[in-house]
Amino acid sequence: MRRVRYESTGDPLLLEEAPVPDPGPGELLVRCEAVGVTLPVVRKVTEAAEPIPLGGEIAGEVVAVGEGVARFRTGDRVTGLCFGHGYADFALLNEAMASPIPDGASAVDAVALVRSGLVALGALETARPEPGETALVTAAASGVGQLAVQLAKVRGAARVVGAVSDTGKADFVRSLGADDVVAYGDDSWGDPVDYVLDAVGGELLTPAVAALAPGGRLVAYSSGGGTIQAYDLLVGAKSVIGFQMARIARGKPELYERWRQELWQLFGAGALKPAVHREFALEDAAKAHAVIESRSNLGKVVLRP
């Protein structure tokens with residue numbers, strides 16, 4: 001089979017031949033039809049101390065199952081988070097991380113919806129939104145951000161503001177249902193909002209906190225780091241909450257599953273429409289990473305093995 005890897009941090013991505021892996025206990029062997037490309041994986045390639053397998057969201061057909069697998073069998077179509085080599089023709093998926101792809105949905109639909117949607121929905125739940133409140137979503141044109149904008153509307157936000165790096169993304173973000181769009185460098189992000197879903201971090205945390213109304217909440221789910229001054233929180237009785245999807249997946253599997261089902265229900269009803277920016281062949285993984293690094297994507301970037 002073909003597999004993408006790299007030699008050391010910052011090196012080019014390479015396409016190599018590798019043996020098809022055998023599924024171990026509790027594992028599924030999946031013939032990959034679509035692989036989601038995410039910023040955390042791109043960052044690891046350029047920043048991690050040691051080379052890592054290129055994993056992430058995969059979707060495709062189960063071709064073999066390991067000992068003890070109970071929920072799936074060969075021929076099933078599944079999606080899930082792969083912690084090993086996912087940029088490949090075949091990948092191993094732990095049964096606990098897998099979910100079925102419903103009839104009528106494609107593998108591309110699955111990688112555009114499930115993992116990104118779980119992060120977006122989890123961040124939204126963490127904000128404890130009330131109907132009629134107002135929201136701001138950073139990285140609103142990203143794979144997660146585009147779904148966060150839509151979900152905030154579905155959950156009853158009276159006004160949703162999308163924050164983007166480039167005003168050229170404004171029409172796309174409005175097409176998702178955003179009422180207003182602001183650029184990161186704008187002097188003001190408009191009227192204060194009740195909660196912010198922040199996927200950027202870093203220097204953007206200061207204006208994101210400033211955008212909160214008194215008593216507002218910021219949910220940080222970025223790997224970008226950053227620092228917030230305590231005084232900026234005290235003067236407005238504002239709060240900042242961190243959200244990590246892995247904690248839910250490991251510690252609250254019933255909640256993880258309920259969220260997955262909600263995403264597919266909304267998708268089936270037409271209330272949630274994940275956008276795909278572009279599909280790349282497996283051998284063009286470097287080009288897909290370049291799109292993510294440039295922050296130029298409008299929606300999800302997908303590899304097609």
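**Exercise 1. The largest cavity**

Find the volume of the largest cavity in this predicted model, and work out which parts of the chain surround it.

*Solution.*
Step 1. Start with the volume: the largest cavity holds about 70 Å³.
Step 2. Look at its lining. There are 13 lining residues, and those closest to the centre are Thr79, Gly80, Leu81, Val114 and Arg115.
Step 3. Now move from residues to elements. Strand 5 (77–82), helix 2 and helix 8 each give two or more residues to this lining. Helix 2 has the largest share, with five residues.
Step 4. Sort the lining by character: seven residues are nonpolar, three are polar and three are charged.

**Exercise 2. Checking the length of helix 8**

Decide how far apart the ends of helix 8 should be, and compare that with the model.

*Solution.*
Step 1. Helix 8 covers residues 253–268, which is 16 residues.
Step 2. The expected span is 1.5 Å times one less than the number of residues, so helix 8 should span 22 Å.
Step 3. In the model, the end C-alpha atoms of helix 8 are 23 Å apart, which agrees with the expectation.
Step 4. Next, see what helix 8 touches. Its buried residues, including Trp259 and Trp264, pack against strand 7 (98–100), helix 2 (107–126), helix 3 (145–154) and helix 7 (245–251).
Step 5. Finish just past the helix, where Gly270 has a positive phi of about 80°.

**Exercise 3. The buried side of helix 9**

Which residues of helix 9 are buried, and where do they lie around the axis?

*Solution.*
Step 1. Use the cut-off: a residue is buried when its relative accessible area is under 20%. In helix 9 (residues 285–294), this picks out Ala285, Ala288, His289, Val291 and Ile292.
Step 2. These residues cover an arc of only 155° around the axis, so they sit on the same side of helix 9.
Step 3. Their packing partners are strand 1 (2–5), strand 3 (27–37), helix 1 (39–47), strand 14 (276–281) and strand 15 (300–304).
Step 4. After helix 9 comes Arg295, with a positive phi near 60°.

**Exercise 4. The largest pocket**

Describe the largest pocket by its volume and its lining.

*Solution.*
Step 1. The volume is about 1400 Å³.
Step 2. Of the 46 lining residues, Thr38, Leu39, Pro40, Val41 and Ser223 lie nearest the centre.
Step 3. Helix 1 gives the most to this lining, with five residues.
Step 4. By character, the lining has 26 nonpolar, 12 polar and eight charged residues.

Definitions and conventions
Residues numbered from 1 in each chain as written. Predicted model: local features only at pLDDT ≥ 70, side-chain atom pairs only at ≥ 80, totals over all residues. Heavy atoms only, no water. Helix = DSSP H or I, 4+ residues; strand = E, 2+ residues; numbered from the N terminus. Buried < 20%, exposed > 50% of the residue type's maximum accessible area, 1.4 Å probe, protein only. Contact = heavy atoms within 4.5 Å. 1 Å grid on protein atoms, 1.4 Å probe; cavity = no way out; pocket = protein on both sides within 12 Å on 5 of 7 lines; lining within 4 Å. Points joined across faces, edges and corners; volume = space filled by probe spheres on them. Nonpolar A, V, L, I, M, F, W, Y, C, P; charged D, E, K, R; others polar. Arc of directions from axis to C-beta.
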